[in-house]
Amino acid sequence: MALLEVNDLRTHFRTDDGIVKAVDGVNFTVEKGQTLGIVGESGCGKSVTCLTIMGLNPKRTSIISGEALFKGEDLLSMSQRRLREIRGDDIAMIFQDPMTSLNPVHKIGKQLVEAVMLHRDVTKAGARARAVDLLRAVGIPRPERRFDDYPHQFSGGMRQRVMIAMALINDPDLLIADEPTTAVDVTTQAQILRLMKQLQREFGSAIVMITHDLGVVAETADDVIVMYASKVVERATVDEIFSRPRMPYTWGLLGSLPRLDADVDRLVQIAGQPPSLLTPPNGCRFHPRCPYVMNICRTEEPRLAPVPGADGHLQRCHLDEETKQREAAKLLAATLADAS
Amino acid sequence: MLRFLIRRLLWAAVLFVSVTIVTYVIFFLAPANPERLICGGQRATTACLNEVADTLALDRPIYVQYSKFLWRLVGPTTSDVAGIPIPHPRFDLGESFITEQSVNTIVAKAAPVTAALVFGGAILWLLVGLSAGIFSALRPRSLLDRTSMVFVLIGISAHPVWLGLIFSYFFGFKLGLTPITGYCDFFNPAEGFGCGGPVDWAHHMVLPWITFAILGSALYVRMIRANVMDTMNEDYVRTARAKGAPERQVMRSHILRNALLPVVTMLGMDIGLGLGGAVFTETVYSLPGLGRVAVQAVDNYDLPIVQGVVVFSTAAIILFNLVVDVMYAWIDPRIRLE
């Protein structure tokens, strides 16, 4: 049994302008100890997917359907009480912006201890010892002293380490990381990613890594799903995605990866803007921006179909397999040529 | 911390001098003629006018009068504490032009009345503001939220004098539930025709408290609702929920703690301001507080009393702002006083 199995997840928000379909029929699984990367542009529904799984969307305005089975239990239909037991204990989450994700008026030690005390029957001293251990594990120097510091006394990278410590403090089976490196500078990004990989080995947690950065995916993920306009458009192992991408949107993402080793004047970008989720385009949602668009793309939405000869590789595109192979090979060749 | 206090005290001195000078200037700009009032208006004799002007030093230039006032207030003197002479400013506010009563005594008698009104009213408006504000924020657009917003609109629009008259007409005159106007001392027990003691005191204060608190609670409901709603959307509140904290704990430890920071500032300033005299409420209920004393003194061109009230309220505002700053540094770790 998969650790997390998400089936036909839909999250729609009621707004003054109408229903925004932020997540519209998403399926994926996360295996124990594995890392799943979710990639896509801002507003494609990747964060909302995870907030829905955690039950953290605003209740008043969201309409949620589908199921998210965590160890066989549906997170979406369980009681608030049971969900609270799981949150922070079996499933933990790291957020995008470490500058605003810690409460400014409480000492970080208190915030860590709170996380332990909510789920473990330990004394304050026991919780404190655990918190100091975790601060040391995430590489905070002099953790006993920093325990009594406030968040504003930490740098952004250090705060993200504190967030990671807080997430791992109860040894969760699943860690959801919502763009954990987006708000920190580049050198810190690499440190944070390395730290997460190292801790994953130590704690054995599975990770869902949400990112718009394919570099992060390449570095951390085992499997990848690519989301576009609230739907999954491609799903494969990380090797498959980089060697045999089968969807023009994924090609676009790969093409817009900045490269250190190639001398380019301008980054390649995907033309146009992501579509409005209030009134998404008919047919394939990517067709208004797709350079390979055909007539069928404007009317009929492609199914998420398996790629022949590649186990578990799914893609959502009307192009014939031959063209896809040719274009993917071209992209790969161009990348290699750039590299050489 | 020490540097902060010293700087604040220097600033307070500047503020104090400017406020009192402005009061003097305004007083002498107005076509005031206290000596004529004292000598019986139209029938005043020149001899009387001259004598009064001489005694009160009203025939001297403004700056001389002001320096005399300042000297009496902050000039040095000593008093014996357990046989040891301790030097300190004189704190003498002078005497009333009309009754020759010591202004210190007048202010000391009026200040507790105002303080009772302001602190009682503040407690009331905080209770209303907190409960209505938090519940409205939790259920935006609900019936309770809409009702409280209507109340806010009425509370902000209705003038205290009008409210006071309506209240004392209905609750005091028509229903007889409360006294119509007047004040009873908290300590002196009832004797003869008078009244006194805590029960009578509270009975007389109920309507003033409500009247005074209505504007305050209207403003505070709105402010607390907005703050709580803002804070609910903060990332760290989501973090707290993601940790598995129950809603009650999220509200108490993460939302309220942050949402109420600005409320502390406002409350300190409003109380300081109110202590300068809740003029309207005091006047409409004939409470012998600072506001009413000041209004009467202005009517009589009684400068020392006006000046006494001004000095007292300036001190109250400065003091409460200082308290707010120190408290703020204590409850918000991001702020350091220096």
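**A guided reading of helix packing, an interface and salt bridges**

Guide: In this predicted model, the axes of helix α9 (residues 235-242) of chain B and helix α10 (residues 247-259) of chain B come within 10 Å and cross at roughly 160 degrees. Axes are lines fitted to C-alpha atoms, for helices over the stretch in contact, and angles run from 0 to 180 degrees between N-to-C directions. Helices (H or I, at least four residues) and strands (E, at least two) are DSSP runs, numbered from the N terminus.

Guide: Residues are numbered from 1 along each chain as its sequence is written, and chains are lettered from A. Local features need pLDDT of at least 70, side-chain atom pairs count only at pLDDT 80 or more, totals for chains, interfaces and linings use all residues, and side-chain values use heavy atoms, with hydrogens and water left out.

Visitor: Why are α9(B) and α10(B) called roughly antiparallel to each other?

Guide: Angles under 35 degrees count as roughly parallel, over 145 as roughly antiparallel, 65 to 115 as roughly perpendicular and the rest as oblique. The axes cross at roughly 160 degrees, and α9(B) and α10(B) are therefore roughly antiparallel. Their crossing is right-handed; a crossing has that name if the near helix is turned clockwise from the far one by less than a right angle, and is left-handed if anticlockwise.

Visitor: Which residues make the contact of α9(B) with α10(B)?

Guide: Contact means heavy atoms within 4.5 Å. From α9(B) come B:Tyr236, B:Val237, B:Ala240 and B:Arg241, and from α10(B) come B:Glu247, B:Val250, B:His254, B:Ile255 and B:Asn258. By class, this contact has five nonpolar, two polar and two charged residues. Ala, Val, Leu, Ile, Met, Phe, Trp, Tyr, Cys and Pro count as nonpolar, Asp, Glu, Lys and Arg as charged, and the others, Gly among them, as polar.

Visitor: What makes α1(B) and α14(B) roughly antiparallel?

Guide: Helix α1 (residues 2-29) of chain B and helix α14 (residues 303-331) of chain B pack at an angle of about 155 degrees, with their axes 10 Å apart. They are therefore roughly antiparallel to each other, and α1(B) passes α14(B) in a right-handed crossing. Among the residues in contact are B:Phe4 and B:Phe28 in α1(B), and B:Leu303 and B:Asp325 in α14(B). By class, the contact of α1(B) with α14(B) has 15 nonpolar, five polar and two charged residues.

Visitor: At what angle do the axes of helix α5 and helix α11 of chain B cross?

Guide: The axes of helix α5 (residues 103-138) and helix α11 (residues 261-275) come within 9 Å and cross at roughly 155 degrees. That angle makes α5(B) roughly antiparallel to α11(B). The crossing of α5(B) and α11(B) is right-handed.

Visitor: How much area do chain B and chain A bury between them?

Guide: Buried area is the accessible area (1.4 Å probe) that two parts lose on being put together, summed over both. Chain B and chain A bury about 2200 Å², 56% of it on carbon and sulfur atoms. In chain B, B:Arg238, B:Lys243 and B:Pro333 lose the most area to chain A, together 29% of what that side buries. The contact takes 21 residues from chain B and 27 residues from chain A.

Visitor: What makes the meeting of B:Lys243 and A:Glu114 a salt bridge?

Guide: A salt bridge is a side-chain nitrogen of Lys or Arg within 4 Å of a carboxyl oxygen of Asp or Glu. The side chains of B:Lys243 and A:Glu114 meet at 2.8 Å, N to O, so the pair satisfies that definition. The count between chain B and chain A is one salt bridge, and over all chains the count comes to 25.
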